[in-house]
Amino acid sequence: MSKLTDLSEARRRATARRTAGVALDFDPDRLALARRLAGLPRTRLGKQVGVTPSAITQYEKGQTKPTLPVLAKLAEVLDVPVEFFRAGSPVPSLPAAGAHFRSLRSTTALERERALSFGELTLAVFAAVELHVDLPPVRLPELEIPGDPVEELDRGGIEELARQARRLLGLGEAPVPHMVRLLEAHGVAVVRLEDASHKVDAFCHQQGYRPLVLLSPGKQDKARSRFDAAHELGHLLMHHDVEPGSRLVEQQAHIFAAEFLAPASQLVDHLPGRLDWPALQQLKRRWGVSLKALVMRAHTLGAFNTNTYQRAMRQLASWGLPEPGPLGPPEAPVLLPRAVELVGPQHEVLRRLASEAGLPLTEVERVVRAAGGDEIRPIIDLTIGASAQ
């Protein structure tokens, strides 16, 4: 092909783009959100749409705007209506640097981005709901952390922070009736990640307007999901200015969760001195923690010697998951669906929320389901007490 022909072809394409028009009210952040929700890298999206990866990058950075035909193709590939890309209510941004992911090695950056984008979608829906209902304000306690930085705290220091948190949250020394409800009652947005995100463990983020906890869809076990929720609470209370992802920070959240759910002062006198599974099962039912967590606590508190601990862990490994004596399904969040029901008939309310947030109805429905939408109840009463069990 001659240079003249190349020039003519370039002019033809430029003319086609001009006549097609561009999306003047295009919101680049919404394209980035839709792409991350779909779990697509820019290379794959560009190939499916028929543009270069650099073009996708330019769209997302707001350097250029897609033509109307390209916008329609983007909507088709990403399975959202074209209206989703129009500038409207801003969707909160959750930077990956502020997310306390349990393990960075076991998940890809794309998987983490997809999970974070669902968190952004969640906060956008919560913000739309709050135009109609006063949700619980954020009332997480401020802990008196003696270490500076907090990473220098030893096990005893972390356990003292867990006891301090229990006092400030009004729990006393009794078992936590409902860990997820406790978070919601103090202003935390809690949702369960979709099955598509099963590789991503529970994680939290606190750089949005409301703290956010996303629970793992792969743990269909009440004891393990309660521990996850307590673990994320530890991050929210202790690790405000700590770089997430380190093994030490995750270990601190584990120590916090173990003491928060089953205080040593109440547990130690009831732990068996030998491997007594019926006794451990009884403690599991009382405190709502797993057998594995109890075995680890028994070893830490000196009730089990190393041989007994290792024998117990081998037995648990042979049983696999779920453990014997399951406590039932995981605790479900209820705050968002209850708030939706207070506003009016669910179908009408979800359509209104979708319109106000500038989100597809299907995405709003996804968030409400993840926030416990299958268990909608009529009264928005988040009192923590024995009835919450």
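Glu 259 sits in helix α10, which spans residues 247–261. In this predicted model, Glu 259 counts as buried because its relative accessibility is 0%, under the 20% cut-off. The protein chain holds 17 helices and 4 strands. Of its 389 residues, 52% are buried.

**Around Glu 259**

- A polar atom of the Glu 259 side chain lies 3.2 Å from the backbone nitrogen of Ala 264.
- Ala 264 is also one of the residues in contact with Glu 259 once neighbours within four places in sequence are left aside.
- Three arginines appear on that contact list: Arg 163, Arg 166 and Arg 297.
- Glu 159 and Ala 162 complete the list.

**The sheet**

- The 4 strands form an open sheet, and their order is β1-β3-β4-β2.
- Pairing within the sheet is mixed.
- At the edges stand β1 (99–101) and β2 (189–192), each of which pairs on one side only.
- From one strand to the next, the twist averages 15°.
- Strand β4 covers residues 212–215 and pairs with β2 in the parallel sense, over 4 bridges.
- Opposite Val 191 stands Leu 214 of β4.
- Helix α6 (residues 109–129) packs on the sheet.
- This helix touches β1, β2, β3 (203–205) and β4.
- The direction of α6 makes about 125° with that of β4.

**Aromatic pairs**

- The structure has 4 aromatic pairs.
- Phe 84 and Phe 85 make one that is edge-to-face.
- Their ring centres are 5.7 Å apart, with 75° between the planes.
- Phe 84 is buried, because its relative accessibility is 2% and the cut-off is under 20%.
- Phe 85 is buried too, with a relative accessible area of 1%.
- Trp 277 and Trp 319 also form a pair, with ring centres 4.9 Å apart.
- The planes of Trp 277 and Trp 319 meet at 65°, over the 60 degrees required, so this pair counts as edge-to-face.
- This pair links distant parts of the chain, with the two positions 42 residues apart.
- Trp 277 belongs to helix α12 (residues 277–287), and Trp 319 to helix α14 (residues 306–319).
- Trp 277 has a relative accessible area of 17%, so it counts as buried.
- Trp 319 has a value of 37%, which makes it partly exposed.
- Phe 26 joins Phe 84 and Phe 85 in one aromatic cluster.

**Charges over rings**

- Phe 84 has a charged partner as well: the charged end of Arg 30 sits over its ring, 5.4 Å from the centre.
- Arg 286 lies over the face of Trp 287, at 5.0 Å from the ring centre.

**The chain as a whole**

- Among contacts in the protein chain with a separation of 6 or more, 73% are between residues 24 or more positions apart.
- What links distant parts of the chain, in helix α12 and helix α14? The Trp 277 and Trp 319 pair does.

Technical notes
Residues are numbered from 1 along each chain as its sequence is written. This is a predicted model: local features need pLDDT of at least 70, side-chain atom pairs count only at pLDDT 80 or more; totals for chains, interfaces and linings use all residues. Side-chain values use heavy atoms; hydrogens and water are left out. Two strands pair if DSSP finds at least two bridges between them. Axes are lines fitted to C-alpha atoms, for helices over the stretch in contact, and angles run from 0 to 180 degrees between N-to-C directions. Contact means heavy atoms within 4.5 Å. Buried means under 20% relative accessible area, exposed over 50%, partly exposed in between (1.4 Å probe, protein chains only). A polar contact is a pair of N or O atoms within 3.5 Å; within protein, one must be able to donate a hydrogen and the other to accept it, and residues adjacent in sequence count only if both atoms are side-chain atoms. Rings of Phe, Tyr and Trp (its six-membered ring) pair if their centres lie within 6.5 Å; planes under 30 degrees apart count as stacked, over 60 as edge-to-face and the rest as tilted. A charge sits over a ring if NZ of Lys or CZ of Arg is within 6 Å of the ring centre and within 35 degrees of the ring normal.
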